[in-house]
Structures are given as structure tokens and as C-alpha cells.
Amino acid sequence: METMIREDIQALKRIQANLASCILGKTDEIVLLMTAMLAGGHVLLEDVPGTGKTVLIKALAKSIRGQFRRIQCNPDLLPTDITGVSIYHPKDEVFIFRPGPIMTHILLADEINRATTKTQSALLEAMEERHVTVDGETYDLPKPFLLLATQNPIDFEGTYILPEAQLDRFMMKFSLGYPDADTETKMILAQSVVHPLEELEPVVDSEQILAIQKQVKQVHLDEAVAAYLVAVTRLTREHGSIYLGASPRATLALVQASKALALIQERDYVIPDDIKFLVPYVLGHRILLTAEARMEGATVQSVLQSVVQQVKVPVRWEK
């Protein structure tokens, strides 16, 4: 496994370098995106327009030599506009399936909260089961499959709130945010002649990503670290400021994300710091605060920080 890990790490470093050349100053966010991909999870990017979300996603697709499709969500978007539709051919007297944009490796659902709830639900089967059903027929999605959805945290007019059941299917939620002054200066100088995305070259292929995803599952999770992880998620269900705690699906997502992060950081075992780093991004969108906590000025991030501080970290574990 050590030889495989060395090869995997080199491949991951090449992907990370590619993404860093297109999105400057966003090291943590790049690591989070790669973590979700290797863990087989989906990502919700909540950010204002123009912060580089689409560029980052396109750079990832290009780096892994994967197919990329984009859906611009709006109220008149139909479920079949995503999944595809069966069209009747009179000459052959058969229905032929015309695949929709979801049949791809990396799918960007832009402004997902502008689609109706019925259209949003068309994504649930694909996110969880990795296939779609059209007219009673089931069609497998390409592998790997990664859904990246965006939503604007400012503009709520004409939007449909994502239900908790759908939010729970996103492994992570995070934002890119604005760059600092130095980074923004470097960005405009770097893009004054040519956009880095235009010169980006693939560094791995989709088959290598699938192989690395298998390696992620082999990353060791010690029983003491697993108990620590479970204690964190369980405390969200018992905390006085939390109305809705993390689900068992959230626990499993945190496990897989922690394993993927460990591999990215050149380890074949999970440590508590992996879990601490990922908690805000994996659990933050899955919990709801009580009305009293919100009135007192508490935020999801501050409450999760309190949760992590209350759980005793294992001081020794066996690799």
C-alpha cells in the first residue's frame, strides 16, 4: 500500500498545483474540493457571484481529464432537462434515451436554489445512488461523478430553499470568499494576457481518480479516533443550542472525508486534527440552531466550535 500511496500523492500534488494556478490564495478550499472528490461526496458552494467558483470547478474537470457539464438552474427548468428524456422514433417504433447533462463526471448546478423543488428532487437519486431513472429505466452515471452546486447567499428573490433532506446529501458546504489585496493584484497581472485555465493541461485521468478513491477506503481509522468522531456528531444531537443535529449519514460523510484528507496530507491513517478541520464544512449545513440560540447571537460555526471543544481528544491511538 505504501507504493500505491506514494504514486497517489504525486498525482494529487499535480492536481493541487493545477487548481492553485487558476485560483490564487485558496489553499484550504482547494484541499476541501479534492477531499470531497476523493471521498465520493458532493459540494455546495455558497458564495456571491464572481469569486471563481466556476473556474475552480472547470479546472478540476480539466485536470482529471473528465467530462464537464453545467446546468443554469431557473424556475422553468424541468427534471428531464437534467436527467434526459426518452424520445419515440416512429421509423424504428422504439423509444431512444437521450441523456441529459447529468451524464458526466463533473456537473455544475449553478444557482441550484433557483430551480423548483421538483427539479431539485431530480438530483437526489443521482447524488445518493449514482444513477437516474427515466420512464422506468435505470441508467448508471459515469464514474467518478461529482456534483457541485452553487447558491447566492444574498439574493433570495425567486429562490426555493433547499430542504434538509437534500442538504444532507451534500458532503460539504463552503465558500471561496473574496481574495486579499495582494492575491487580487497577482490575479489581475496573471490574467492580463491569458487566463490560466486556457493553458491548463490534464495531469491524471478518471481511472486514476477511481483508483485513488479505492485507496481512500483503505486509510486506517483507529477505534479511538472513530469513537472521538462519533462523540462529536452525537453531541450535536444533544447540545442545548442545536435543534436538529447531525444525521448518521453525516457521521459516515465525516469518516470518508477524514480518510481522504489524511491521504492528501500523505498519511495512511486518520488523526483527530483531520476531523477538527472538517467538522465546520461537513456538519455546518446539516444542523439547525434553536430560536433561543439564534436570538442570543450564536452561529453554527461558534456552536460547532463549542461542540469540538467539549469532546475529549484521544491522546494515544494505534496506527
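Helices (H or I, at least four residues) and strands (E, at least two) are DSSP runs, numbered from the N terminus. With those labels, Val270 can be placed in the loop between α10 and α11 (272–283). The model is predicted, so local features need pLDDT of at least 70 and side-chain atom pairs count only at pLDDT 80 or more, while totals for chains, interfaces and linings use all residues. Residues are numbered from 1 along each chain as its sequence is written, and side-chain values use heavy atoms, with hydrogens and water left out.

**Stop 1: Val270**

Select Val270 first. Its relative accessibility is 1%, so Val270 counts as buried (buried is under 20% relative accessible area, exposed over 50%, partly exposed in between, with a 1.4 Å probe and protein chains only). Now add Asp222: Val270 and Asp222 are 48 residues apart in sequence, and their C-alpha atoms are 7.5 Å apart in space.

**Stop 2: the sheet**

Show strands β2, β5, β8, β1 and β9. In that order they form an open sheet of 5 strands with parallel pairing (two strands pair if DSSP finds at least two bridges between them). The edge strands, each pairing on one side only, are β2 (68–72) and β9 (172–174). From one strand to the next, the twist averages 15° (axes are lines fitted to C-alpha atoms, for helices over the stretch in contact, and angles run from 0 to 180 degrees between N-to-C directions).

Helix α3 (residues 53–63) packs on this sheet and touches β1, β2, β5 and β8 (contact means heavy atoms within 4.5 Å). The direction of α3 makes about 170° with that of β5.

Inside the sheet, select β1 (residues 43–46) and β8 (residues 146–151), which pair in the parallel sense over 4 bridges. Leu44 stands opposite Ala149 in β8.

**Stop 3: the β6–β7 hairpin**

Move to β6 (residues 131–134) and β7 (residues 137–140). These strands pair in the antiparallel sense over 4 bridges, and Val134 stands opposite Glu137 in β7. The hairpin has 2 residues between its strands, and Asp135 in the turn has a positive phi of about 55°.

**Stop 4: backbone geometry**

Most residues other than glycine have a negative phi, and most peptide bonds are trans. Select Arg130, in the loop between α5 (117–129) and β6. Its phi is positive, near 65°, and Arg130 is partly exposed, with a relative accessible area of 24%.

Arg65 is in the loop between α3 and β2. This residue is not a glycine, yet has a positive phi of about 55°. Arg65 is exposed, its relative accessible area being 52%.

Next, find Pro144 in the loop between β7 and β8. The peptide bond leading from Lys143 to Pro144 is cis, with omega near -5°.

**Stop 5: Thr104**

Keep Pro144 in view and select Thr104, found in the loop between β4 (94–99) and β5 (106–110). Thr104 is buried, with a relative accessible area of 0%. What does Thr104 contact, leaving aside its neighbours within four places in sequence? Gln67, Phe68, Arg69, Pro142, Pro144 and Phe145 are in contact with Thr104. A polar atom of the Thr104 side chain lies 2.8 Å from the backbone oxygen of Gln67 (a polar contact is a pair of N or O atoms within 3.5 Å; within protein, one must be able to donate a hydrogen and the other to accept it, and residues adjacent in sequence count only if both atoms are side-chain atoms).

**Stop 6: two helix pairs**

Select α2 (residues 27–39) and α10 (residues 248–264). Their axes come within 8 Å and cross at roughly 115°. The contact is made by Val31, Met34, Thr35, Leu38 and Ala39 of α2 and Gln256, Ala257, Ala260, Leu261 and Ile264 of α10.

Then select α9 (residues 223–238) and α13 (residues 300–310), which pack at an angle of about 135° with their axes 9 Å apart. That angle makes α9 oblique to α13 (angles under 35 degrees count as roughly parallel, over 145 as roughly antiparallel, 65 to 115 as roughly perpendicular and the rest as oblique). Tyr228, Val232, Leu235 and Thr236 in α9 meet Leu304, Val307, Val308 and Gln310 in α13.

**Stop 7: helix α7**

Finish at α7 (residues 181–190). Of its 10 residues, the number buried is 1, so α7 lies largely in the open. Asp180 caps the N-terminal end of α7, with a side-chain oxygen 3.3 Å from the backbone nitrogen of Asp182.
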